[in-house]
Amino acid sequence: MRFIRKMLITAFLLGMAAVAFTPPLRAEVNGPKIFGKTAGGDMIEEYTLTNANGVKLKLITLGAAIAELHVPDKAGKIADVVLGFDDVAGYESDQNQYFGCTTGRYANRIAKGKFTIDGKEYQLAVNNGPNHLHGGVKRSLDKVVWKAEVLKPENVVRFTYESPDGEEGYPGKLDLAVTYTLTDRNEVRIDYKAMTDKATPINLTNHSYFNLSGAGAPSVLDHELTLAAEQYTPADADLIPTGKIEPVTGTPLDFMKPTKLGARIEPLLKTQFQGYDHNFVLTKRGAAPTFAARLRDPMSGRVMTVLTTQPGIQVYTGNFLKGQKGKGGKTFPKQSAVCLETQHFPDAMNHKGFPEVILRPGQTYRHACIYAFSTE
Ligand code: GLA
């Protein structure tokens, strides 16, 4: 009896010790380092998170953006799978189409840049045909310098930015925090949080362009996509939702089963979308991130699974990429990458029946998105 008790106690203590000595599931963080200087003279910092499997995530304070993301292929070979630039000048140039950035205050489009809250009409900049896109012109969230800090012992990088009342025409002082985590399970997790002092629309996302064969590979159309979306929001000639929600069945937007991005893109190339540039309605959302999408590159065997708490995902096949030169002298032609932007629906404040996007004082906006990497 006594022997058994002793054995049990020893086993318990050994178990406790094992738990205590299990290495943390988080990456190591290196930074801040200087990434460069903006034309306006602001220092831009970089932070690099590296995990036990060699996955490396480089973040910069300009736009709280992902500048590099290195992940292994099926043979263990590491490649950077996101588009970007080597220097600040690249990010500040007109060649930068929101590469890797935090997008907002309202990611995606707002019809004519107009909305009304509690009877008051607001007019934002019109910067995409007749519409507002991705938060505005000069002080959208991708163009501002965020403050960064490494949180210990969590080993995460948190970016914060206080957007003043009226910035880019949006009401309310908005306090923003975007936290990046890299785990040893090869997951990049992004947690967004915001609070306001006046009712204001909000829709944050990350605008990374992925090519799982490596940034600079000529096309993404061989990648196979699966979406947890039975419906989408049809849009007009300027990509503004009509307000309807329709089934994807029988259209080129049906990705309920794994399908190559290029398999049915042809008829879309001649439309206003010029490829995939659609908001999908995700099924079954909850407070914890739930499966939204799976992207697989048969060549490299790399797989990226996307989980989110958001009701929508914009699938954009880089239709407006123009062969610009990016990192390492690589060029990024049309449809050489895909963005999977977890978000609220475009122009949601102007459509009854779309999920609510107005944040009010006292409330907290939260959004979590996980990009998980594996191989097959
Ligand atoms: C998006 C939009 C696209 C395009 C890109 C940026 O995700 O949906 O139409 O504007 O951003 O080039």
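This passage describes the pockets, one open sheet and the ligand surroundings of a predicted model.

The largest pocket encloses about 780 Å³ of space. Its lining comprises 35 residues, and those closest to the centre are Asn96, Gln97, Tyr98, Asp142 and Lys143. Two elements of secondary structure, the helix α2 (88-92) and the strand β24 (312-316), each supply at least two residues of this lining. By chemical character, the lining of the largest pocket divides into 13 nonpolar, 12 polar and 10 charged residues.

The second largest pocket has a volume of about 360 Å³. A set of 20 residues lines the second largest pocket, and Ala177, Asp191, Tyr192, Lys193 and Arg366 lie nearest its centre. Strands β12 (156-163), β13 (174-182), β14 (187-196) and β29 (365-375) each provide at least two residues of the lining. Among the contributors to the second largest pocket, β14 gives the most, with six residues. The lining of the second largest pocket consists of nine nonpolar, four polar and seven charged residues.

The ligand is considered next. Residues that surround the ligand are Tyr98, Arg109, Leu133, His134, His207, Tyr209, Asp277, Gln314, Tyr316, Phe320 and Glu341. One of these, Tyr98, is also listed among the residues closest to the centre of the largest pocket. For three of the surrounding residues, a polar side-chain atom can be placed relative to an oxygen atom of the ligand. In Glu341, a polar side-chain atom lies 2.6 Å from a ligand oxygen. The corresponding distance for His134 is 2.8 Å from an oxygen atom of the ligand, and for His207 the distance from a ligand oxygen is 2.9 Å.

The model also contains an open sheet built from five strands, arranged in the order β1-β2-β3-β4-β5 with antiparallel pairing. The edges of this sheet are formed by β1 (28-37) and β5 (78-80), each of which pairs on one side only. From one strand to the next, the twist averages 20 degrees. At the β5 edge, strand β4 (residues 65-72) pairs with β5 in the antiparallel sense over three bridges. Within this region, Val71 has Ala79 of β5 as its bridge partner.

Note on methods. Residues are numbered from 1 along each chain as its sequence is written. This is a predicted model: local features need pLDDT of at least 70, side-chain atom pairs count only at pLDDT 80 or more; totals for chains, interfaces and linings use all residues. Side-chain values use heavy atoms; hydrogens and water are left out. On a 1 Å grid over the protein atoms alone, a cavity is a set of points where a 1.4 Å probe fits but cannot get out, and a pocket is an open set with protein on both sides within 12 Å along at least five of seven lines; lining residues have an atom within 4 Å of a point. Grid points are joined across faces, edges and corners, and a volume is the space filled by probe spheres set on the points. Helices (H or I, at least four residues) and strands (E, at least two) are DSSP runs, numbered from the N terminus. Ala, Val, Leu, Ile, Met, Phe, Trp, Tyr, Cys and Pro count as nonpolar, Asp, Glu, Lys and Arg as charged, and the others, Gly among them, as polar. Two strands pair if DSSP finds at least two bridges between them. Axes are lines fitted to C-alpha atoms, for helices over the stretch in contact, and angles run from 0 to 180 degrees between N-to-C directions. A residue is near a molecule or strand if one of its heavy atoms lies within 4 Å of it. A polar contact is a pair of N or O atoms within 3.5 Å; within protein, one must be able to donate a hydrogen and the other to accept it, and residues adjacent in sequence count only if both atoms are side-chain atoms.
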